Structures are given as structure tokens and as C-alpha cells.
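Biologist: Please give me a close look at a single part of this structure, and keep to how its pieces are arranged.

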Amino acid sequence: ARFVKEDRSTIATGLPALDAREIMNGGLGRGELGCVMAPSSAGKSHFLVQLGANAMRAGRNVLHYTFELRENKVGIRYDANFCGISATDVMDEKEFVSDQYKKIGTLGRLIIKEYPTNTATINTLRAHIEKLAITKSFRPDVILVDYADIMRSTRLFNSPRHEMKLIYEELRGLAMELGIPIWTASQTNRDSTESDVIGLDKISESFGKVMVCDFIISISRKPMQKAKGLCNLFIPKNRLGKDGLLFPAKLDASKSIFEILDANVDIEEFQKTNDNDMKKLLREKWNEVSEEHLIELRNVNKAVNSGEE
């Protein structure tokens, strides 16, 4: 892949395959809204932490809003990402964490702010940003919102899908107003849990979200993939670059670290491979069941021949 020199008007994801010129051209640009969509517990929040940590490594200031996890839990995920240890070990390894930060050196600033689910509106975020500028001289280079689906809009609608579309429009409006990129996440529907590749048809509540976002990436993780720490990253929408691209990836959820394993793969070939693997798995399972059945029949025949009940 071809890469571009750093552009201070964009924020790189830190994942080279995505930041390539023909895809994101260096990252998400100012005034743009990016979205990671996935089913529940598939890695949306981990992906946002990865984006935030990589932005900080590049010296950028990160403002991370959380509407589900507590502030300290999000902070621990950042510590795990930076220090390369499991989030469950961070509190027991405070000295090690402190030493690791000294070795890392200069990072961008991070502020994590928690609001209860379904209470924060765009005006809530705007007021907080203005307060940070006055009280802490803090101006974010990128904002992460985890996640927009559980915000409130500034106007009430009878239809939830209209309210959801407005929330995304307001987020994108804030990105343009501040001149920085904003990343958020979105829940997909229940059918997506069984999908190898999650497309825009799996978006939940409102398709209006799709129309507003500039860049969308999805995460799919079937149970077998979760067990192996693997996932599929798919780009169903990219306003300024290539889309329809599929990347096999690794997710270490204990450290909130994503790693793209290979260049994008052909979806048709991927599907054929998956179908063949599933047929092979079913064939092996059928052979196991058949073998067990044959063993039982042999035992029954032996019992009958020996005169046992």
C-alpha cells in the first residue's frame, strides 16, 4: 500500500492498512464523522480506545466520551494498550505501568468524560468542551464518542429513527464546527452476530446514520473467531476512498489492541473459503457422530450375541 506524509488536518487510525492513500488517505479528516459498527461485545469500544491511543502516540489531544463504561474502566483500557499488559493486571502492576509510561515518553493529552446513558446531548458535549478550554486549556484534536446510539437528540421525535439520524447529524455538525474529526460507534442488529461480513444492511434503528457518516468500518466476530482472538474488519462506506474492502484482523481484547493481519481479501474468495471450511467442519462432525453410532451398534450386537440384556 502507498502511504502519505502526515497531514495535521487528519488523524491517522494508526493501522497502516486503513491509513493508506487509496483508503483513508492518512486518516479521518477534520469535520468528518467516522463510525465503527458491530454487534454487542464485538469490540467497538476496544476499537475506539485503539484509535485514541494511536492518536496520543502521534502527539494529538484526545477527548473520549463514554456513556456505558465508567471513566476509570476506560482509563485502564488505555493503560493496557500503552503498557502491553492485560487490563485485569493494571491495578496490580502500578509500578510497572508507571515505568512503561516513562519509557514511552511524550504523549498527547487524554481526557475521559462519563455521562449516564441517554442523558447527554450535543449541547452537553459542546458545553463540556468549552469548559475544558477555559479551565484546563485543553483543545481536542479528535473526539471519541462511545457511543452515539445512546445519546439524546436536542429535539424529540415520535419515531426513534428520526431522532437517531438527528443525533448523527448533530455530531457531524460539531465536527465541522470544531474543525476536527469525530469517531463514534453504532450497534448492528441481531442477525449480524452470525455474519462473516457485516454490511450496511445490518445497521440497527436508522439507516439515516449511514447517510451522515463519512467513513464506516464494521467488526464481525463469530464465536470461533472470538475463541482465537480473530475478527473481520470490513469497510462498507468510504466517502473519499475505496470501500467494500475486507481485512482479516486480530483483536487482543485484554489490551484493546487490533492488528490487521493481511492486505484486504476478495470477499467472494473469502466466502468460498468459509463455505468450504464449514463443509469440512460439518463433514468431520458427521464422521465423528457416525463413528460413535457404529461403536454403539457394535456394543449392542456383542451384548445380544453374548445373551446380555
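Modeller: Two strands pair if DSSP finds at least two bridges between them. Strands (E, at least two residues) and helices (H or I, at least four) are DSSP runs, numbered from the N terminus. The model is predicted, so local features need pLDDT of at least 70 and side-chain atom pairs pLDDT 80 or more, while totals for chains, interfaces and linings use all residues. Residues are numbered from 1 along each chain as its sequence is written, and side-chain values use heavy atoms, without hydrogens and water.

The part I have chosen is the sheet. Nine strands build it, and it is open. Read across, their order is β5-β4-β6-β7-β3-β8-β9-β10-β11, with mixed pairing. At the edges are β5, residues 110-114, and β11, residues 257-260. Each of these two edge strands pairs on one side only. On average, neighbouring strands in the sheet are turned by 25° against each other, with direction ignored (angles run from 0 to 180 degrees between N-to-C directions, along axes fitted to C-alpha atoms).

One pair of strands shows the pairing in detail. Strand β9 covers residues 230-238 and strand β10 covers residues 245-252. The two run antiparallel, and six bridges join them. Within this pair, Leu 233 stands opposite Phe 247 in β10.

A helix also packs on the sheet: α5, residues 122-135. Helix α5 touches three strands, namely β4 (62-66), β5 and β6 (142-146), where contact means heavy atoms within 4.5 Å. The direction of α5 makes about 140° with that of β4. Of the strands that α5 touches, β5 is one of the edge strands.
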